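Please open the structure in your viewer and keep the selection tool at hand. The tour below goes from stop to stop, saying at each one what to select and what is found there.

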Amino acid sequence: MTKEITHRPAVGPVQQLLKKSKQGPVFNHYPDYFYSGFWIRFFAYLIDLLCISAITGILLGLPANLLGWNKSTDLISIYGISALVIYLAYFILLTKLNQGQTIGKMIFGIRVVCFTEVALSWKTVLVREGACRFILRGSFFMLGYLVTIFTPNKQHLGDYFSDTSVVTINLVTAREDFSEV
């Protein structure tokens, strides 16, 4: 007597459960109005650019003036590469070490959150603030920030690659205080 074993493919609810287990848990999911829009993020970015230009002026401008370096912002020059390193380091270090906030984000009361992690990991920060910010820095690619206007979670292209978004801290704090009652 032989046993007949039939293998049926997973369909319906079983298949959905398998997909959900691969995705992992979801953290930091808020209603649409919690996410910061394009303009507030834009003004926070302008504040950050002011801070970066001040840091660059102090760290690179003074030595460049004393040593007679050419202050070319081309990526081929030493000054340009050093300025790029300061630009990226500012965003990477402040975002990771300051719970998702740069100086501009602190002023406007917003911060970066990740949908798949409770706290931002180095991998997430390096992808969002390092690689994606370097790519979106170019004049044509800056259009990737305009996607923020049309997406439900107010994500730009870098946010999509790193599963992040930017939220308004006051609304998140109010929600947490409300849920404790």
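## First stop: a charged network

Begin by selecting Glu129 and Arg128, both of which are buried; bear in mind throughout that this is a predicted model. The side chains of these two residues meet in a salt bridge, with 2.4 Å from N to O. Side chains of opposite charge can pair when their charged atoms come close.

Add Asp159 to the selection, and a salt bridge between its side chain and that of Arg128 comes into view, at 2.6 Å from N to O. Asp159 belongs to helix H6 and Arg128 to helix H5, so this pair ties together parts that are 31 residues apart in sequence. Like Arg128, Asp159 is buried.

Next, select Arg133, which forms a salt bridge with Glu129, the closest N and O atoms being 2.8 Å apart. Here both partners, Glu129 and Arg133, lie in helix H5, where they are 4 residues apart, or about one turn of the helix. Both of them are buried.

To see the whole arrangement, show Arg41, Arg128, Glu129, Arg133 and Asp159 together, since these residues are linked in a network of salt bridges. The structure holds 4 salt bridges.

## Second stop: the nonpolar cores

Which residues touch the most other members of the largest nonpolar core? Select Ile52, Tyr87, Leu88, Tyr90, Phe91 and Leu120, which hold that place among the 16 residues of the core. The elements that give two or more residues to this core are helix H2 (38-67), helix H3 (78-97) and strand S1 (110-114), and the largest share, 6 residues, comes from H3. In soluble globular proteins, nonpolar side chains tend to be buried together.

Now centre the view on Tyr87 and, leaving aside its neighbours within four places in sequence, display the residues in contact with it, which are Tyr45, Leu49, Ile52, Arg133 and Arg137. Arg133 was also part of the salt-bridge network at the previous stop.

Apart from this core lies another one, of 7 residues, and a selection of Tyr35, Val113, Val167 and Val172 will show some of its members.

## Third stop: a nonpolar patch on the surface

Turn to the surface and select Leu75, Phe134, Ile135, Phe140, Phe141, Leu143, Leu146, Ile149 and Phe150, which form a nonpolar patch with about 950 Å² of accessible area together. Within the patch, pick out Leu146, which lies in the loop between helix H5 (122-136) and helix H6 (157-162). Is Leu146 buried or partly exposed? With a relative accessible area of 35%, Leu146 is partly exposed.

## Last stop: two positive phi angles

Finally, look at the backbone in two loops, beginning with Gln99, which lies between H3 and helix H4 (103-108). Although Gln99 is not a glycine, it has a positive phi of about 50°. Its relative accessible area is 56%, so Gln99 counts as exposed.

Then move to Asp163, in the loop between H6 and strand S2 (164-168). Asp163 is not a glycine either, yet it has a positive phi of about 55°. At 36% relative accessibility, Asp163 is partly exposed, whereas Gln99 is exposed.

Key
Residues are numbered from 1 along each chain as its sequence is written. This is a predicted model: local features need pLDDT of at least 70, side-chain atom pairs count only at pLDDT 80 or more; totals for chains, interfaces and linings use all residues. Side-chain values use heavy atoms; hydrogens and water are left out. Patches are made of residues with over 30% relative accessible area and no salt bridge: like charges are joined within 9 Å, nonpolar side chains (Val, Leu, Ile, Met, Phe, Trp, Tyr) within 5 Å. Accessible areas come from the Shrake-Rupley method with a 1.4 Å probe; for residues, only the protein chains shown count as cover. Buried means under 20% relative accessible area, exposed over 50%, partly exposed in between (1.4 Å probe, protein chains only). A nonpolar core is a set of buried Ala, Val, Leu, Ile, Met, Phe, Trp, Tyr and Cys residues joined through side-chain atoms within 4.5 Å. Contact means heavy atoms within 4.5 Å.
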